[in-house]
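Notebook open, structure loaded. I want to go through a few helices, strands and odd backbone spots and jot down what I find.

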Amino acid sequence: MQKDDKKMANVAVLGHGIVGSGVVEVLLKNSGIIEKRCGQAINVKYILDIREFPELPYSGKFIKDFDKIINDPEIDVVAELIGGITPACDFVKASLCAKKSVVSSNKELIAKKGAELLKTAHENNVELFFDASVGGGIPIIQPLYQCLAGNEIEVIAGILNGTTNFILTKMIRESMGFDETLALAQKLGYAERDPSADVDGDDACRKICILANIVFGNHICPESVYTEGIRNVTPEDAAYAGEWGGVIKLIAYAAKSGDGSGVEMMVCPAFIKSSGHLAGIDDVFNGILVRGNAVGDVVFFGKGAGKFPTASAVIGDIISAVNSKGKSRLPVWSDNGVNTVKNRNEYKAAFYFRVTGSSADRFIPQGSQKLELPKKTAEETAFVTPVITEDEAETLVKNIEKSGSKLLNRIRVLEY
């Protein structure tokens, strides 16, 4: 009998955590349809993990020696699903240098080392795909550098973290406090035991940096982007946002500056009008607004995290890597050491202030909108300023504090 010479691509999966196990499960479960769409079978040959999983039907695929992957000429694609910088960066670079394409869901790695790794991929005529690093199962990376390539992108803004969106949604709908809602998010598996990267805005910052790198072509370090999380947001702030006619969302945005000399970027809680594109995106869902000079506003919506949505994006990248064989047009951005993020003191926005103290009314700027709740706390004043600079907002904070009044919160107003 003649041997079956059916074409097959071999994949090594690095990490068998939530996403890694999801990728393996989906590749096995949907093998028939994946083979049909890919034009060849995709075989998981190795799974690298320091742990052992003897109870799994594919337990024989687990290895602990990364060199076995590098030295195997049959491995076509390496899926890096470990997370973090070390050892992920070394593994990815070694794989690319060994002429193996790489797909990754590692937002921290791509945000910090993407320019260097993309350069290595190009030099070795292999692929580095990272669609799963932003938005989980939402297709956003490839549309940015392919479908929307004919546009000058003016703004990209989004709700990029499902944990914080879930917490804020609970505050808005059920008046739950931050600590109570965070505990619920952890119980439901939406938040990690250490939720700092989510609630302090670091996760969203890494993601908006990746998107801005693609759109504007320059490497932007997450450390150069002003980042503010949601720890200080209260149900009272959410109630005032409702009285104002909107909601509070954690927004990450990057916008081309008016004079074209740089990029304005920030991650912060924001008042968003209920009519805004991102206002109705609730619970653990993500939404990304892209504003192009030809297409106008386009919004991408879906589950931004989770085992199977992220696995779906990873597998899409694996199929692309198998089919393209170094011939795809990857996004490229350069790292010339120049920080293109503008000084935030120059940014302009309206601001919501909530202040307590008998002298608070003295400092309300002319043209501000005062907000009232049905059950007003004694000596509490809330207002939304006209559009002012960040510097002017800081001056207002200092004047309030000098007067003996107490600033309870300050939140920007954004038009997304």
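Which elements do the buried residues of α5 pack against? I looked this up in what is a predicted model. The list is β4 (75-80), α4 (88-97), β5 (101-104), β6 (128-129) and α10 (202-216).

**Entry: helix α5**

I stayed with α5, residues 107-123. Its 17 residues reach 22 Å from first C-alpha to last, close to the 24 Å expected at 1.5 Å a residue. I also noted a bend of about 80° at Lys-113. The buried set is Glu-108, Leu-109, Ile-110, Ala-111, Gly-114, Ala-115, Leu-117, Leu-118, Thr-120 and Ala-121.

Then I checked the ends. At the N-terminal end, Asn-106 acts as the cap, with a side-chain oxygen 3.3 Å from the backbone nitrogen of Glu-108. Just past the helix, Asn-125 has a positive phi of about 55°.

**Entry: helix α13**

Next I did the same for α13, residues 390-402. With 13 residues at 1.5 Å each it should span 18 Å, and its end C-alpha atoms are 19 Å apart, so the two agree. Its buried residues are Glu-390, Ala-393, Leu-396, Val-397 and Ile-400. They sit on the same side of α13, because they cover an arc of only 115° around the axis.

What covers that buried side? I found β10 (263-273), β13 (348-356), β15 (380-384), β16 (388-389) and β17 (406-413) included in the cover. The face turned away from the buried side carries Lys-398 and Lys-402, both exposed. After the helix comes Gly-404, with a positive phi near 95°.

**Entry: Thr-181**

I picked one residue of α8 (178-187), namely Thr-181. Is Thr-181 buried or exposed? Its relative accessible area is 0%, under the 20% cut-off, so I logged it as buried. Its side chain reaches the backbone oxygen of Gly-177 at 2.7 Å. Leaving aside neighbours within four places in sequence, I get contacts from Thr-181 to Phe-166, Ile-167, Lys-170 and Met-176.

**Entry: strand β7 and its partners**

β7 covers residues 153-159, and 6 of its 7 residues are buried. Which strands does it pair with? I found 6 bridges to β11 (285-292), antiparallel, and 4 bridges to β9 (246-256), again antiparallel. Ile-156 is a handy landmark here: its bridge partner in β11 is Val-290, and in β9 it is Ala-254.

**Entry: the parallel sheet**

I traced an open sheet of 6 strands in the order β3-β2-β1-β4-β5-β6, with parallel pairing. β3 (62-63) and β6 stand at the edges with a single partner strand each, so one side of each has no neighbour in the sheet. For the β3 end I looked at β2 (41-48), which pairs with β3 in the parallel sense over 2 bridges. The partner of Ile-47 in β3 is Phe-62.

**Entry: Ala-350**

Ala-350 lies in β13, one of the strands I had noted in the cover of α13. Its relative accessible area is 11%, so it goes down as buried. What does it touch beyond its sequence neighbours? I listed Val-384, Thr-385, Pro-386, Val-387, Ile-411, Arg-412 and Val-413, leaving aside neighbours within four places. I also took the C-alpha separation to Pro-386: 5.1 Å in space, with the two positions 36 residues apart in sequence numbering.

**Entry: backbone oddities**

Last pass, on backbone angles. Most residues other than glycine have a negative phi, and most peptide bonds are trans, so I wanted to see the exceptions.

- The peptide bond from Thr-86 to Pro-87 is cis, with omega near 5°. Pro-87 belongs to the loop between β4 and α4.
- Ser-175 is not a glycine, yet its phi is positive, near 55°. I placed Ser-175 in the loop between α7 (162-174) and α8. With a relative accessible area of 52%, it counts as exposed.
- Asp-283 also has a positive phi, about 55°, without being a glycine. I found Asp-283 in the loop between β10 and β11. At 26% relative accessible area, it is partly exposed.

Methods
Residues are numbered from 1 along each chain as its sequence is written. This is a predicted model: local features need pLDDT of at least 70, side-chain atom pairs count only at pLDDT 80 or more; totals for chains, interfaces and linings use all residues. Side-chain values use heavy atoms; hydrogens and water are left out. The expected span of a helix is 1.5 Å times one less than its number of residues. Buried means under 20% relative accessible area, exposed over 50%, partly exposed in between (1.4 Å probe, protein chains only). The arc is that of the directions from the helix axis to the C-beta atoms. Contact means heavy atoms within 4.5 Å. The bend at a residue is the angle between axes fitted to the seven residues ending there and the seven starting there. A polar contact is a pair of N or O atoms within 3.5 Å; within protein, one must be able to donate a hydrogen and the other to accept it, and residues adjacent in sequence count only if both atoms are side-chain atoms. Two strands pair if DSSP finds at least two bridges between them.
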